[in-house]
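User: I am new to reading protein models and would like to go through one step by step. Could you take me through its features in turn?

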Protein chains: 2
Amino acid sequence: METTCVALVGMGTVGTGVARLLLEQGDRLSRPAGCRLRLKHIVDVDVARSRPLAIPPGVLTNDLDRVLNDSEVKAVVQLIGGIEPERTIMLKLLESGKDIVTANKALLAEHGPELFDFARRHGRSIAFDAAVAGGIPIITNLAQCLSANQILSLRGILNGTSNFIISQMEERGAEYGDAVAEAQRRGFAEANPAMDVNGSDAAQKLSILAHLAFGAQISWRDIPRVGIDELQVADLRYARELGYRIKLLAVAQLVEGALEVHVSPTLVRSGLPLSEVREANNAISVVGDAVGRVFFHGPGAGQMPTASAVVADLIDTVVGRTRITFRTLELWSSRAPRVPACDHTRVMGRYYLRFMVDDHPGVLADIAGILGQQKISIASVIQHEPEEESASPTRVVPLVIMTHSANEGAAASALKEIDKLQSVREKSVRMRVLD
Amino acid sequence: METTCVALVGMGTVGTGVARLLLEQGDRLSRPAGCRLRLKHIVDVDVARSRPLAIPPGVLTNDLDRVLNDSEVKAVVQLIGGIEPERTIMLKLLESGKDIVTANKALLAEHGPELFDFARRHGRSIAFDAAVAGGIPIITNLAQCLSANQILSLRGILNGTSNFIISQMEERGAEYGDAVAEAQRRGFAEANPAMDVNGSDAAQKLSILAHLAFGAQISWRDIPRVGIDELQVADLRYARELGYRIKLLAVAQLVEGALEVHVSPTLVRSGLPLSEVREANNAISVVGDAVGRVFFHGPGAGQMPTASAVVADLIDTVVGRTRITFRTLELWSSRAPRVPACDHTRVMGRYYLRFMVDDHPGVLADIAGILGQQKISIASVIQHEPEEESASPTRVVPLVIMTHSANEGAAASALKEIDKLQSVREKSVRMRVLD
């Protein structure tokens with residue numbers, strides 16, 4: 001059996017998992033790879049640190065040139081996060097004739113067109129199934145398994161950190177801050193979790209999926225997004241009372257032939273598979289015009305799940321499948337987008353609204369009046385008696401309204417107007433609803 | 001853009017769906033295929049029948065030789081069901097240099113080793129993602145996306161007909177016979193549904209999945225299987241009362257390094273994704289040692305879902321991915337199985353037991369005594385008061401017992417002995433439990 005030399009750049013958590021599979025499961029991997037995979041170089045800035053696995057002598061180095069100048073190395077797993085110098089490293093690797101496997105979604109979301117174009121010009125490929133949804137092979141499923149379909153909609157829970165935090169808030173009644181702290185303690189959130197909780201991470205992943213599924217070329221920065229950082233336990237409770245769970249959904253869907261994309265906390269009807277996704281898991285529900293609805297669920301991050309995706313990509317690269325897919329799909333090429341972007345203010349949907357209002361007569365009438373002017377009709381209302389008597393003469397109580405299907409622009413206008421009412425005491429909450 | 005000629009043999013329901021995609025969605029398919037796919041021949045015994053789509057003149061024929069002798073045709077979609085003459089047709093097609101795409105799981109389960117070996121000898125490939133779980137791309141996911149993993153367990157709802165029948169019984173309280181009739185009326189069951197409801201269809205699919213996931217070479221006939229044809233509404237009700245749903249599960253899993261396979265109605269704890277699979281859908285839960293648990297859900301059959309899988313396979317074949325996968329995986333080759341078969345009598349698991357017993361003192365003690373002798377301990381018991389007074393002096397009442405984990409051999413022995421008791425009036429029911 002032949003041997004193929006590969007290299008690994010970046011030996012953090014996932015890199016260590018990848019090295020473990022390559023060094024310890026060589027026999028197993030040789031079967032689907034049709035050859036022995038030899039991990040010839042591991043490049044990491046820190047060569048002194050002790051590692052939790054035995055690395056053969058001479059493999060670990062802090063010198064990228066050893067990879068660049070080694071013509072035996074055909075494929076490189078690039079697992080450093082961030083934008084620079086990662087972009088430059090990737091360009092150098094491609095230029096020196098290496099095919100790339102990466103999990104760096106931020107880099108692809110930021111510089112995808114440049115990197116893919118550069119790879120094409122150098123006759124190389126970039127595989128990136130590990131960049132989105134960790135262990136769920138959603139990239140291969142979209143690029144290959146569902147290739148006979150026009151994708152109609154794609155809805156995903158793509159940020160495991162946010163899902164873990166929501167699960168903590170929902171199941172234990174934890175406040176947002178405490179749930180974040182617990183996520184950090186358990187290793188599901190970074191010291192600065194901003195990109196995870198403000199929807200940016202999900203938007204980066206969605207921009208990649210939307211390109212694969214719809215040929216869209218949208219910068220993740222242009223994807224309308226709301227995170228979970230202002231989510232309140234009260235809304236999780238009201239949602240539950242109405243028969244829903246709140247999830248941070250990333251959505252790309254065709255609306256009258258145009259593409260709508262957004263990331264936002266969304267009420268998902270209990271019983272729908274997406275509503276049942278717990279802890280740090282990810283899930284994606286895809287509707288294709290031929291296949292119908294297909295649903296994928298699995299670990300969205302973590303050392304070995306992500307390493308599983310990376311090594312599958314590495315095998316695809318070594319055996320030649322990636323090269324074929326990369327060539328035919330022409331990802332991030334100058335091809336025109338296959339679908340136009342849609343005007344999101346015209347998108348129809350149901351809304352969950354929560355207002356904090358003075359508990360006195362006429363308030364509901366005022367709010368309902370404004371909604372009516374915008375042609376938004378009310379499906380249900382929750383207003384409970386306050387749990388305890390307040391000392392103040394005017395009590396503030398929550399008023400929860402679930403609408404029938406309404407135009408997003410109208411919903412936004414109505415809320416703007418309602419928030420100007422004197423009897424409305426806080427910025428109102430508006431979330432989409434998925435039935 | 002180049003043109004690649006393909007042919008279709010068998011234009012039944014799925015074949016019509018495949019023809020529709022190839023004839024009507026040419027532009028869409030040319031992107032992932034990197035070429036135009038030209039459907040040059042459609043072979044069907046019935047060339048006179050009117051078809052629900054426009055077939056270009058000269059394409060429809062009842063003469064297979066037109067395909068065999070056309071060296072322009074590189075890949076053939078073979079969609080006739082059954083074993084012969086389908087086996088002979090497939091051998092002829094391979095011999096004449098055509099790569100094959102098929103959905104015929106029965107043929108693969110029966111003659112896989114011969115067909116794959118023959119294809120290898122002629123330098124051809126066989127793609128078969130549509131043969132298992134319809135629109136769910138489980139074959140590609142196992143053969144390619146999860147290739148870095150040792151699969152530890154695979155549990156699937158692989159027969160949509162059975163799942164539809166169980167759903168009808170569970171949700172509408174329909175008796176088995178009425179649910180079968182409804183499935184037939186809705187087109188989910190054939191006139192003779194035996195292979196579906198007795199577990200044979202699921203066993204055929206499981207034999208294919210077990211080969212991919214574990215390298216096992218098991219004839220589907222050797223897979224222990226129980227169907228749903230003796231399932232009673234009462235058991236669905238008791239299961240629900242205990243917090244479970246009953247599903248026809250196909251299971252292949254490693255038990256202490258050996259492979260256990262079976263198909264049987266199983267109590268699945270409510271809330272587990274497999275328990276939520278409704279109607280004629282399929283689902284598969286796969287655990288890999290690196291990735292953890294990944295779950296796939298989608299339509300298990302139907303014209304367009306199956307056509308989606310067939311056309312994806314056709315594209316994989318035309319672009320060259322299938323050839324690579326086929327070569328590296330050496331499916332059904334003479335390679336030794338990677339895992340030994342396990343002695344299923346030693347497999348541990350929980351059981352649901354239902355006995356129909358005389359309603360008089362001492363019966364529970366007798367049954368519990370026999371279970372105790374076999375070291376089977378009881379987790380819970382349901383015995384309700386009979387709903388109505390019976391006229392007979394001895395009433396027969398159901399006694400439901402959920403056991404703790406027990407050895408399958410012991411459970412079988414205990415039931416054999418219990419069924420000999422005079423106070424036990426019917427053959428007892430025993431089902432596995434999945435927590």
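User: In which sense do strand β1 and strand β4 of chain B pair, and over how many bridges?

Analyst: Note that this is a predicted model. Strand β1 (residues 3-9) and strand β4 (residues 73-78) of chain B pair in the parallel sense, over five bridges. To see one such partnership, find B:Leu8: its bridge partner in β4(B) is B:Val77.

User: In what order do the strands of the sheet in chain B lie?

Analyst: The order is β3-β2-β1-β4-β5-β6 in chain B, six strands in an open sheet with parallel pairing. Its edge strands are β3 (60-61) and β6 (126-127) of chain B, each of which pairs on one side only.

User: Which strands does helix α12 of chain B lie across?

Analyst: Helix α12 (residues 303-319) of chain B lies across β1, β2 (36-43), β4, β5 (99-102) and β6 of that chain. The helix runs at about 160 degrees to β4(B).

User: Now the two chains. What turn and shift lay chain B on chain A?

Analyst: The general idea is that two copies of a chain are related by a rotation about an axis and a shift along it. Here a turn of 180 degrees and a shift of 0.0 Å along the axis lay chain B on chain A, with an RMSD of 0.0 Å. That is why the relation is the one of a two-fold axis. Both copies use the same surface, as 100% of the contact residues of chain B recur in chain A.

User: How many residues are in contact between the chains, and which element of chain B gives the most?

Analyst: There are 46 residues of chain B in contact with 46 residues of chain A. On the chain B side, the elements that give two or more residues are α2 (26-33), α6 (138-145), β11 (292-299), α12 and α13 (321-329). Of these, α12(B) gives the most, with nine residues. Sorted by class, this side of chain B has 25 nonpolar, 15 polar and six charged residues.

User: What joins strand β11 of chain A to β11(B)?

Analyst: Three bridges join strand β11 (residues 292-299) of chain A to β11(B), and the two run antiparallel. For example, the bridge partner of A:His297 in β11(B) is B:Phe295.

User: What confidence values does the predictor give?

Analyst: Where pLDDT is low, the predicted coordinates should not be read in detail. In this model chain A averages a pLDDT of 94, and 98% of the residues score at least 70. For the complex, the predictor gives an ipTM of 0.94 and a pTM of 0.95.

Note on methods
Residues numbered from 1 in each chain as written. Chains lettered and ligands numbered in written order. Predicted model: local features only at pLDDT ≥ 70, side-chain atom pairs only at ≥ 80, totals over all residues. Pairing = 2+ DSSP bridges. Helix = DSSP H or I, 4+ residues; strand = E, 2+ residues; numbered from the N terminus. Contact = placed C-beta atoms within 7 Å. Axes fitted to C-alpha atoms, helices over the stretch in contact; angles between N-to-C directions. Least-squares fit on C-alpha atoms with pLDDT ≥ 70 in both. Nonpolar A, V, L, I, M, F, W, Y, C, P; charged D, E, K, R; others polar. pLDDT = per-residue confidence, 0-100.
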